[in-house]
Amino acid sequence: MFPCSYVHLVDSAGFRHRRVFNLQPAEFHLSRVCRFEVPSITCSASSSGNPLIHFMAHFQAFLEDTGNRINDQEALKLLEKKIRDAGYKAEDTFDLCLRRIHVANTEHDQNNARCKLYDELQQITEVMDSIRVGVMKFKNDRHNNQQDIKDLSAITSSPLRSSERVLDEENTLVGMEDDFKIIRDQLFGQTPELNVVSIVGMGSIGKSTLAKSLFNHPSVSRRFDISSWVTVSQAYDAKEMLLDVLSFGTPGGKAMYRNMSEDELLDQVHRKLKRKRYLIVLDDMWTIEAWDQVRRSFPDDENGSRIMITTRLLEVANCAGNDFPPHHMPFLSLEDGWKLLSLKVFANEDCPPQLEEVGKQIAKQCQGLALSVVVISGLLSKINRTYDDWQQIADNVNSHIGSTSQQCLAILALSYNYLPCSLKACFLYMGVFLEDADISADKLIRIWVAEGFLKRNSHKKPKEVGEECLEELVSRSLIMVNNRGWVSGKIKCLRIHDLIRLICLREGKAEKFFHVINECYEVSSEGVESEHRLFLYEDAVQNQNIGLEKGNLDSVRTISCTHKPHASLLDYECYKIVDSRFQLLRVLDVLLIYFLHFPTEITQLVHLRYLALVTSTSVPASISNLWNLQTLIVHSVANELSWPLEIWKISSLIHFYPGKMYVPAPPKAPNFLGLENLEELSLSTASSSNLKEIFMAIPHVKVLDVDLNQDGWDNLIDNLIYLADLRNLRILLRLPFDAQLFRRPSARPYDVFPANLKSLILAETHLVWTKMTMLSYLPNLEGLKLELFAFQGSNWNLDEGGFKKLKLLDIVQPELVHWHATSESLPVLEYLVLRHCYKLKEIPTEIGDIPTLKLIELHYCSQSAVTSAEEILDEQQSLGNEVLAVRAYNTRG
């Protein structure tokens with residue numbers, strides 16, 4: 001696997017660069033090499049670049065072609081490995097040359113670097129020539145065997161179905177209808193005592209699918225006062241399990257409990273659940289110990305509360321259960337397997353008659369495992385609907401006869417092999433995250449961009465290309481969507497099934513795409529020195545003998561510490577994570593490590609594109625050496641720290657998160673252009689005095705997150721006018737207690753906000769409801785979230801005539817009692833989300849008359865508010881409205 005991100009073109013002035021996006025895996029960096037020009041290399045090198053470029057173009061075409069063939073022979077794998085290794089060597093050579101030129105102090109040193117490049121290119125060309133002979137032999141040997149290299153060029157990134165995509169994202173209970181009824185009866189059973197309902201079965205059989213369908217069913221959510229979903233997994237953390245129970249349905253809710261001990265958390269959970277009818281789902285439980293550590297937090301008030309457990313181990317279910325016997329998940333019947341496959345592939349269409357027989361054959365080979373059916377369906381949905389193409393899939397699956405679990409892994413591997421080249425590296429990267437981890441889509445895409453995994457598209461930004469890649473992986477049922485943006489519909493958080501993660505790890509290791517280092521691994525061991533990406537798990541970093549300084553790791557492109565959320569910081573003095581030898585490093589993601597002093601070695605790593613770390617000192621001026629940097633995240637653990645003025649020289653920055661450190665006003669040089677490429681910025685109170693100068697220097701920023709004090713509010717409102725391209729704005733206002741009572745922030749006219757603003761989040765701004773007018777006339781506002789104490793007061797009268805485009809209203813308002821509004825107050829609203837509205841008497845009945853309304857969702861709201869929502873639903877259903885849905889979680893009495 002090879003990145004293709006930036007192509008650097010060496011010229012007589014030294015260097016210049018531009019961004020291109022190409023193909024993966026072995027082939028995607030070949031295009032990068034093809035575009036490399038050396039017009040001014042001395043030593044008569046200019047004419048010798050052509051053979052190498054010719055070889056690279058030839059190999060790239062070959063690999064793209066074979067990527068569309070059903071062929072897994074050892075000869076092809078060996079040839080692909082040779083091309084991959086040669087491509088790595090060529091790419092490393094170019095990047096090292098660029099670095100030498102960049103750090104050279106004289107023109108003589110620059111010319112020496114070019115001459116060295118020429119010598120190394122000669123050696124690479126010789127290797128490429130021998131590979132070319134192998135490629136020609138491979139093609140000739142198979143020229144007459146058309147079946148062996150059957151073209152499947154139709155396996156491409158086909159357009160997604162409609163945005164509703166329910167078949168791809170929601171769990172389809174095909175073959176589980178009886179199981180659903182059995183478990184629901186146990187949840188609703190007349191037994192008043194607290195009972196444990198267990199679902200047992202092998203991995204990928206559909207346990208979590210069934211549990212999630214029950215958990216989200218309206219009849220279940222209405223029955224229980226409190227509902228929480230906890231994902232346990234093999235490497236469980238009792239404290240995180242308790243935090244999940246406490247914070248479910250409350251974004252950011254873990255923060256208030258984060259510093260509590262485990263015993264304190266047990267007590268908090270017990271208090272929360274006491275005298276409530278609750279449902280707690282413990283998904284993917286592996287050990288009795290995990291159950292024993294949290295069970296005493298669940299009170300038994302004999303009111304019909306339930307614990308639902310999914311597990312692969314009958315022993316766990318037996319030990320945790322009481323009155324109800326464990327429910328064993330059966331395999332899908334052949335009929336149900338074929339029904340599920342048809343539904344996934346054809347949706348509401350009929351299966352063509354010529355495909356039914358071979359389709360049933362494929363379904364049978366899935367051996368009743370729901371995951372196998374879903375994943376193979378994702379593959380079938382991407383190829384031509386012809387008998388020959390489907391039969392080729394059936395033959396390939398049939399060649400991997402083994403146990404049910406082995407057959408499942410073979411099907412998953414087949415889906416990987418059929419991925420378009422542009423998706424393979426993106427997919428493999430998913431394997432480095434911890435089991436059952438919630439993966440941020442934004443972070444994942446930023447790393448994909450930094451690594452250079454994404455194909456070039458002159459009409460789209462890299463982020464858009466990354467979002468399309470995610471959607472493609474979803475459509476192939478290779479990743480699971482945890483949540484999407486209410487309005488945008490874009491993936492926000494995702495997860496990967498543990499068996500699919502196993503395929504990522506297995507293929508990633510085989511292709512030397514990455515190396516995961518765990519607790520007992522020595523870096524100097526055989527095989528690691530050729531790795532380009534090192535992922536250090538938390539237990540490995542805690543091993544002070546990790547030894548990154550030992551091996552020959554000069555080709556490392558990525559070093560990342562993979563850890564659980566909110567893991568304790570580790571002192572850098574014990575670990576040699578950063579080294580100037582890592583000259584080709586592109587991604588350094590080490591937020592787990594605490595650097596007492598900012599490591600100046602980092603500023604020599606000129607190929608860095610993604611940097612995330614924690615420090616207690618200011619950042620040096622030499623940070624400006626990182627002229628490729630796209631994402632910069634620094635968490636500061638000390639106060640009164642500053643960024644150097646030189647930060648304004650990193651024109652490549654797209655995402656900048658400076659933490660609590662002071663960001664100085666940009667220089668006033670006549671030719672200063674500012675950070676013209678910056679799109680996302682987070683600012684704290686420390687920088688609030690310079691907002692005008694900062695905003696004028698970032699004219700194209702689209703996402704802004706500000707954490708301000710009272711003075712900062714006025715400064716912010718006065719200067720938002722300079723951010724004409726701003727789309728998403730979040731404001732957190734930190735007021736002292738007396739200011740909250742006696743001084744409220746001023747409310748300027750609505751036109752101080754940028755007209756293009758689409759999403760606005762306010763937190764602790766303590767505005768009064770009468771000032772809502774300044775927001776209601778924002779012409780393009782689609783999403784409005786009012787977090788805790790955004791507005792104050794018990795009565796809210798929402799006028800008509802505003803919020804012409806608002807689709808989402810999400811409010812957290814414990815003080816709100818009376819809310820008056822009509823359908824004309826929010827004429828195009830689609831989603832209404834109420835959280836912690838403990839005192840709200842009712843939702844305005846007229847809200848139900850909004851023709852676009854799809855969902856009313858309530859979390860921790862009063863019973864009267866929930867009742868009014870259900871009355872709105874009943875009325876709309878009586879009028880024939882089949883679109884509106886109501887969901888209520890953790891209702892307050």
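This briefing describes selected helices and sheets of the structure shown above. The model is predicted. Among its features are an open sheet of 5 strands with parallel pairing and an open sheet of 3 strands with antiparallel pairing. The briefing also covers the contact of helix α14 with helix α16 and the largely enclosed helix α19.

**The pair α14 and α16**

- Two packed helices are described by the angle between their axes and the distance between the axes.
- For helix α14 (residues 353-365) and helix α16 (residues 387-398), the axes come within 9 Å and cross at roughly 20°.
- Because angles under 35 degrees count as roughly parallel, α14 is described as roughly parallel to α16.
- The crossing of these two helices, α14 and α16, is left-handed.
- On the α14 side, the residues in contact are Q354, L355, V358, G359, Q361, I362 and Q365; they meet Y387, W390, Q391, I393, A394, V397 and N398 of α16.
- Sorted by class, this contact of α14 with α16 comprises 8 nonpolar and 6 polar residues, with no charged residues.

**The parallel sheet**

- The strand order in the open sheet of 5 strands is β4-β5-β6-β3-β7.
- The edges are formed by β4 (226-231) and β7 (327-328); each has a single partner strand, so one side of each has no neighbour in the sheet.
- Within this sheet, strand β5 (residues 278-285) pairs with strand β6 (residues 306-311) in the parallel sense, over 5 bridges.
- L279 has R306, in β6, as its bridge partner.

**The antiparallel sheet and helix α20**

- The open sheet of 3 strands follows the order β8-β10-β9.
- Its edge strands are β8 (439-440) and β9 (480-484), each with a single partner strand, so one side of each is left without a neighbour in the sheet.
- Strand β8 and strand β10 (residues 491-495) run antiparallel and are joined by 2 bridges.
- The bridge partner of S440 is C493 in β10.
- Helix α20 (residues 462-475) packs on this sheet and touches β9 and β10; the direction of α20 makes about 45° with that of β10.

**Helix α19**

- In helix α19 (residues 441-451), 9 of the 11 residues are buried, so the helix is largely enclosed by the rest of the structure.
- The buried residues are A441, L444, I445, R446, I447, W448, V449, A450 and E451.
- G452, just after α19, takes a positive phi of about 85°.

Conventions:
Residues numbered from 1 in each chain as written. Predicted model: local features only at pLDDT ≥ 70, side-chain atom pairs only at ≥ 80, totals over all residues. Heavy atoms only, no water. Axes fitted to C-alpha atoms, helices over the stretch in contact; angles between N-to-C directions. Helix = DSSP H or I, 4+ residues; strand = E, 2+ residues; numbered from the N terminus. Parallel < 35°, antiparallel > 145°, perpendicular 65-115°, else oblique. Left-handed = near helix turned anticlockwise from the far one by under 90°. Contact = heavy atoms within 4.5 Å. Nonpolar A, V, L, I, M, F, W, Y, C, P; charged D, E, K, R; others polar. Buried < 20%, exposed > 50% of the residue type's maximum accessible area, 1.4 Å probe, protein only. Pairing = 2+ DSSP bridges.
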